[in-house]
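Student: I would like to go through this model with you and ask why each label is given. Could you start with the rule we need for charged pairs?

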Amino acid sequence: ARLQKQVHAKQTGLELLKDAFVEAYSEELDIKQPVYSPKQSKKPLEIPILHITDVHFGKRTATYNIAVAEERMRMLAEKTVKLVELRRSVSKIDELHIFLGGDFGEGEGAIFPGQALEIDQDVVGQLVKEGPRIMTEQFLLFMSHFKKLVVKAVPGNHGRISRFAAKRNNFDNWFYLGLRHMVDNSLSSKDRARIEWDLPFDRVAGNEWYAHHKTFDYGHMLVHGDQIRGALGFPWYGVGKKLSGWADLVPDFSYLWMGHFHTQAAYVINKRMVLAGGTPESSNAYAAESLAAGGDPVQRLAFFGEKHGLVVDAPISLEE
């Protein structure tokens, strides 16, 4: 109490503080006015990857059919071009890399009970006539905006002919051949040279199920995802198990791309990023009833830089 009375009486601390401020501000401050000068730096190179998976041409639900699929594929192409144009304001983009993740057709009724009642046309219509036509229009739009396209593809489970047929005989694999043929026939020989294809039939028999890819020094592994078991419809533990095994069997990769589960997600397991793709379809009755799962129609566009790898992850909504 005595000390507090002494402090208040003589204002010892306050006087010291005042003296410090007076001394500090008595000198003129030498502060230079900052001058803005724009930096003329070279734009860094980026490579966008568009993941198209689980389109299911031929599937018919309350809100999805071949006409809706065509509309959403056109929307995907247009939004991809718009997003790339935005990135070009800060980076140099000459190429578009496209990952085709499988299940481009619905099949003919052998995948799950009642599937035959959810199909609006046979496999010929799905994957020989309509599917390649729709995708060719998409590719031709890309050709007018990019110097080069690089296409990687893997088959899905809906393309399997039967349990007893060779896995190589997959409807998706035939669809990709038809797509390449239709695209090539729509281009001049000079423009055909601007597309690099890596399709399942281009690879050694037995290695059709995955594709390996490089952007700069970053490796990518593309699979459909049916190789992974899910627990109650959620595959996250199964992904971790497969990822640890594939890391020893497949050339070095930092990113695993997959579809099949119709759920878009991105997460890291032991320094490898998993990029799970969605689907353009909507109102899947089987998924809702059996798996209690569903989501909005969406696909993924991701931009990769030489210095940092993945720099922008841009899910593209396909529903207004």
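Tutor: Gladly. A salt bridge is a side-chain nitrogen of Lys or Arg within 4 Å of a carboxyl oxygen of Asp or Glu. Keep in mind that this is a predicted model.

Student: What makes Asp191 and Arg194 a salt bridge?

Tutor: Their closest N and O atoms are 3.2 Å apart. The cut-off is 4 Å, so the pair qualifies. By this rule the chain has 18 salt bridges.

Student: Why is Asp191 called partly exposed?

Tutor: Partly exposed covers the range between under 20%, which is buried, and over 50%, which is exposed. Asp191 has 25% relative accessibility, so it counts as partly exposed. Its partner Arg194, at 23%, is partly exposed too.

Student: Which residues do salt bridges with shared partners join into one network?

Tutor: Glu70, Arg74, Glu130, Arg133 and Glu137.

Student: How do you know that Glu208 and Arg168 form a salt bridge?

Tutor: The closest N and O atoms of Glu208 and Arg168 are 2.3 Å apart, and the rule asks for within 4 Å. This pair links distant parts of the chain: Glu208 is in the loop between E4 and E5, Arg168 is in the loop between E3 and H5, and 40 residues separate them in sequence.

Student: Is Glu208 buried or exposed?

Tutor: Buried, because its relative accessible area is 8% and the limit is under 20%. Arg168 has 26% relative accessibility, so this residue counts as partly exposed.

Student: What makes Arg72 and Glu319 a salt bridge?

Tutor: Here the closest N and O atoms are 3.7 Å apart, and that value also falls within 4 Å. Arg72 sits in helix H3 and Glu319 in the segment after E11, 247 residues apart, so the pair links distant parts of the chain.

Student: Why is Arg72 called buried?

Tutor: Its relative accessible area is 7%, and buried means under 20%. Glu319 is partly exposed, because its relative accessibility is 37%.

Student: Which other residues of H3 are buried?

Tutor: Among them are Ile66, Val68, Ala69, Glu70, Met73 and Leu76. The buried residues of H3 pack against E1, H4, E10 and strand E11 (309-317).

Student: How do you know that the span of H3 is close to the expected one?

Tutor: H3 has 22 residues, and the distance from its first C-alpha to its last is 32 Å. At 1.5 Å a residue, 32 Å is expected, so the two values agree.

Student: What makes a set of residues a nonpolar core here, and how many residues has the largest one?

Tutor: The members must be buried nonpolar residues joined through side-chain atoms within 4.5 Å. The largest core has 42 residues, and those with the most contacts inside it include Ile52, Leu100, Phe104 and Met135. Elements that each supply at least two residues of this core include strand E1 (46-52), helix H3 (66-87), helix H4 (123-143) and strand E10 (298-305). H3 gives the most, with 9 residues. A second, separate core of 17 residues includes Met221, Ile228, Leu243 and Leu256.

Student: Which residues does Leu100 touch?

Tutor: Leaving out residues up to four places away in sequence, the list includes Ile52, Met135, Val151, Tyr176 and Leu222.

Student: Why is Tyr210 called buried?

Tutor: Its relative accessible area is 15%, and the limit is under 20%. Tyr210 lies in strand E5 (residues 210-215). Beyond its neighbours within four places in sequence, its contacts include Val154, Arg203, Met221 and Pro251.

Student: Why is Phe21 called partly exposed?

Tutor: At 46% relative accessibility, Phe21 falls between the limits of 20% and 50%, so partly exposed is the label. Phe21 belongs to helix H2 (residues 12-25).

Student: What makes Phe21 eligible for a patch on the surface?

Tutor: A patch residue needs over 30% relative accessible area and no salt bridge, and Phe21 has 46%. Together with Leu17, Tyr25, Leu29 and Ile31, Phe21 forms a nonpolar patch with about 630 Å² of accessible area.

Student: And how much of the chain is buried?

Tutor: Buried residues make up 44% of the 320 residues.

Definitions and conventions. Residues are numbered from 1 along each chain as its sequence is written. This is a predicted model: local features need pLDDT of at least 70, side-chain atom pairs count only at pLDDT 80 or more; totals for chains, interfaces and linings use all residues. Side-chain values use heavy atoms; hydrogens and water are left out. Patches are made of residues with over 30% relative accessible area and no salt bridge: like charges are joined within 9 Å, nonpolar side chains (Val, Leu, Ile, Met, Phe, Trp, Tyr) within 5 Å. Accessible areas come from the Shrake-Rupley method with a 1.4 Å probe; for residues, only the protein chains shown count as cover. Helices (H or I, at least four residues) and strands (E, at least two) are DSSP runs, numbered from the N terminus. Buried means under 20% relative accessible area, exposed over 50%, partly exposed in between (1.4 Å probe, protein chains only). Contact means heavy atoms within 4.5 Å.
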